[in-house]
Amino acid sequence: MKPIHVVATKWVGAGLVGLMLAGAVQAGSHGDKQDIVDTAVAAGQFETLAAALEAAGLVETLKGEGPFTVFAPTDEAFAALPEGTVESLLEPENIEQLQAVLTYHVVAGKVMAEEAMSLDSATTVQGQDITITTANGTVMINDATVIQADIEASNGVIHVIDSVLLPE
């Protein structure tokens, strides 16, 4: 069970989009896919991510052409952060920190799960690398587990994760 890391040099600063993409599961039932943000909002389990993207001014970026790969934490993942963390990040004076956290969840380009499993690491839009490991069919992004993969949107793909990724 060797860890496999993904290296992607074109990660887009759409960390916030990654969070919103997790909701993309319900989009596109008639062939017309919604963008990452709309997909995440429609899913109903990314309300915190959506609020964070709005507060960080990243909604329009993630609604852009892309493509983006977003590792989207659920509302439960945000709730598991230490008390007061989300509220603090949403304060206007912490916008740069919030943007860094959100863009750390986004990689430039469309990386489907099968491709990601063959990589060791990837560079996020935020600029730091994330580690990708695979064991027994489970994909980990740093310490977060991918709980739903390959939710396609018109401008990329969302992989839902069970915890929030925090840059160093």
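Which residue of strand 7 does V146 stand opposite? Keep that in mind as you work through these exercises on a predicted model.

**Exercise 1. Trace the strand pairings around strand 6, and find the partner of V146.**

Solution.
- Start with strand 5 (residues 138–141) and strand 6 (residues 144–153), which pair in the antiparallel sense over two bridges.
- Within this pairing, I141 stands opposite A144 in strand 6.
- Now look at the connection: strand 5 and strand 6 form a hairpin with two residues between them, and N142 in the turn has a positive phi of about 55 degrees.
- Move on to strand 7 (residues 156–161), which runs antiparallel to strand 6 and is joined to it by five bridges.
- A hairpin through two residues links strand 6 to strand 7.
- That brings us to the opening question: V146 stands opposite I161 in strand 7.

**Exercise 2. Work out how the buried and exposed residues of helix 3 are arranged.**

Solution.
- List the buried residues of helix 3 (residues 47–56): L49, A50, A52, L53 and A56.
- View the helix down its axis: these buried residues fall within an arc of 165 degrees, so they line one face of helix 3.
- A general rule helps here: an α-helix has 3.6 residues a turn, so residues three or four places apart point the same way.
- Turn to the other side of helix 3, where E47 and E54 are exposed.
- Finish at the residue that follows helix 3: G57 has a positive phi, near 70 degrees.

**Exercise 3. Locate the nonpolar cores and name some of their members.**

Solution.
- Begin with the largest nonpolar core, which has 29 residues.
- Pick out its members with the most contacts inside the core: F46, L49, L53 and L102.
- Then look apart from this core, where another core of twelve residues lies, with V107, A122, I132 and V146 among them.
- Link this to the earlier exercises: L49 and L53 are among the buried residues of helix 3, and V146 is the residue opposite I161.
- As background, nonpolar side chains tend to be buried together in soluble globular proteins.

**Exercise 4. Describe the largest cavity and its lining.**

Solution.
- Search the whole structure: one cavity of 30 Å³ or more turns up.
- Its volume comes next, with about 30 Å³ of space in the largest cavity.
- Collect the lining residues: T48, A52, F78, V86, L89, L90 and L98.
- Sort the lining by character, which gives six nonpolar residues, one polar and no charged.
- Finally, assign contributions: helix 3 and helix 6 (85–89) each supply at least two residues of the lining.

Notes: Residues numbered from 1 in each chain as written. Predicted model: local features only at pLDDT ≥ 70, side-chain atom pairs only at ≥ 80, totals over all residues. Heavy atoms only, no water. Buried < 20%, exposed > 50% of the residue type's maximum accessible area, 1.4 Å probe, protein only. Helix = DSSP H or I, 4+ residues; strand = E, 2+ residues; numbered from the N terminus. Arc of directions from axis to C-beta. Core = buried A, V, L, I, M, F, W, Y, C linked by side-chain atoms within 4.5 Å. 1 Å grid on protein atoms, 1.4 Å probe; cavity = no way out; pocket = protein on both sides within 12 Å on 5 of 7 lines; lining within 4 Å. Points joined across faces, edges and corners; volume = space filled by probe spheres on them. Nonpolar A, V, L, I, M, F, W, Y, C, P; charged D, E, K, R; others polar. Pairing = 2+ DSSP bridges.
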